[in-house]
Amino acid sequence: MDKTGQRLRLNLSSHARSTIEADMSSFGAKESMGGFVSRIFESFASESRASIEAASRSYGESLEREVQLSRYRKAYPLDKTLEFFESKKVDLTDDEAGVIRSLVSSYSSKLHDWLNSLEKGESSLVRIRDSVYAQLYPTDGERWEEEEHYGGSRSAYLKALMEDYASKTCYEREGIVFGDLLEELAVVIDEPIKDRHLVTLVRNGRKFDVKPYAVMPDAGWNYHYLVGVGRISGSKSSYKPMSFRISRIENIRIRTASYYASGKVTKAELGELKAALRKRGTQYLVGDEEASVIRLSRKGAKRFDQILHGRPQPVRRLDDESGSTLEFDCTEMQIRNYFFEFGADALIVKPAGLRVEFKEAYQTALDSYGAVE
């Protein structure tokens with residue numbers, strides 16, 4: 001629980017509240033609602049459309065840069081890299097500045113229209129961090145930047161910020177909540193492979209040493225994954241392709257001490273990693289591959305051809321009048337996640353353990369329905 005901070009009333013639509021509560025659970029948030037809201041504020045306020053003054057200023061600056069770029073490219077067509085652009089910039093003409101002011105005013109009006117369209121919901125008091133409160137209530141005579149847009153109501157601004165957050169995709173929201181970690185990893189990954197540092201992380205209580213390769217989305221662009229080659233910390237086993245969902249990492253440390261171990265991904269490791277990515281996809285790199293055989297009905301085969309997200313790649317496929325038999329060489333997790341929803345249209349032939357697991361899960365569901373009168 002958050003023991004410090006200031007209380008502020010927050011009104012959220014049912015959609016925003018349910019989204020934030022679901023994210024707190026999915027992202028493993030250990031703080032209260034107020035702490036999580038504060039975390040979003042600190043990562044997102046500077047780029048949210050709820051920050052109307054800041055967003056309008058940023059929009060105006062981008063328009064001004066586009067005008068200056070267009071002018072520069074006409075004057076210096078041979079400077080493809082814009083090497084002298086900054087030193088050659090000149091002020092806008094009065095006409096150019098006037099057009100930009102008009103466009104910014106129109107943009108600001110649209111943001112106000114969005115603000116006025118927000119659904120009202122239930123209000124509750126949340127305890128926000130002192131650092132966030134200080135930004136909303138600046139001292140020493142400074143004026144809160146969004147004052148005139150919200151009539152001085154910090155609660156209205158905080159609502160708009162959270163509603164904007166809730167309108168984003170899960171992938172975007174994860175990027176907001178874990179923005180600091182993603183920036184830290186970006187610094188490591190921007191280094192040449194030969195100069196990268198090893199990363200030690202904890203997932204499900206287990207500690208791994210990972211040579212980072214990239215941060216990548218899964219096939220459906222739902223979550224961010226740290227992708228690389230790794231092994232259990234302290235083991236002498238070879239590194240193998242691994243991926244870790246950013247929001248499921250419990251602790252992470254970038255090993256800056258060169259004596260610990262190198263984070264360099266070798267040519268052989270890189271080749272194995274790229275092959276695994278092509279074969280299994282970003283989110284299924286952890287786990288041992290196992291031969292699986294699935295028998296699909298005609299309806300199941302049709303669904304297999306239509307549902308691409310998370311689909312494992314068969315190494316062999318035999319079609320006949322009654323359906324298809326598919327053989328896979330991938331992790332049990334991928335088979336489990338993809339085929340479980342097929343129900344009676346997918347029969348696990350092997351491995352035997354997964355076949356029993358499916359049978360027991362379906363039987364439990366059947367028993368639950370049978371108990372309802």
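Packed into the largest nonpolar core are 65 residues, of which Phe 36, Tyr 157, Leu 158, Leu 161, Met 162 and Tyr 165 touch the most other members. A core here is a set of buried Ala, Val, Leu, Ile, Met, Phe, Trp, Tyr and Cys residues joined through side-chain atoms within 4.5 Å, with buried meaning under 20% relative accessible area (1.4 Å probe, protein chains only). Helix α7 (residues 154–166) chips in the largest share of this core, seven residues; helices are DSSP runs of H or I, at least four residues, and strands are runs of E, at least two, numbered from the N terminus. Apart from this core lies another, of 15 residues, with Leu 296 and Phe 328 among them.

This is a predicted model, so local features need pLDDT of at least 70 and side-chain atom pairs count only at pLDDT 80 or more, while totals for chains, interfaces and linings use all residues. Residues are numbered from 1 along each chain as its sequence is written, and side-chain values use heavy atoms, leaving out hydrogens and water. Turning to the pockets, the largest has a volume of about 640 Å³, taken as the space filled by probe spheres set on grid points joined across faces, edges and corners. A pocket is an open set of points on a 1 Å grid over the protein atoms alone, where a 1.4 Å probe fits, with protein on both sides within 12 Å along at least five of seven lines; lining residues have an atom within 4 Å of a point. Of the 23 residues lining the largest pocket, Arg 203, Ser 243, Gln 283, Val 286 and Met 333 lie nearest its centre. Strand β6 gives the most to this lining, with five residues.

The second largest pocket holds about 540 Å³ of space. Its lining has 22 residues, with Phe 27, Arg 39, Phe 178, Ile 249 and Glu 250 nearest the centre, and α9 gives the most, with four.

Terms used:
Buried means under 20% relative accessible area, exposed over 50%, partly exposed in between (1.4 Å probe, protein chains only).
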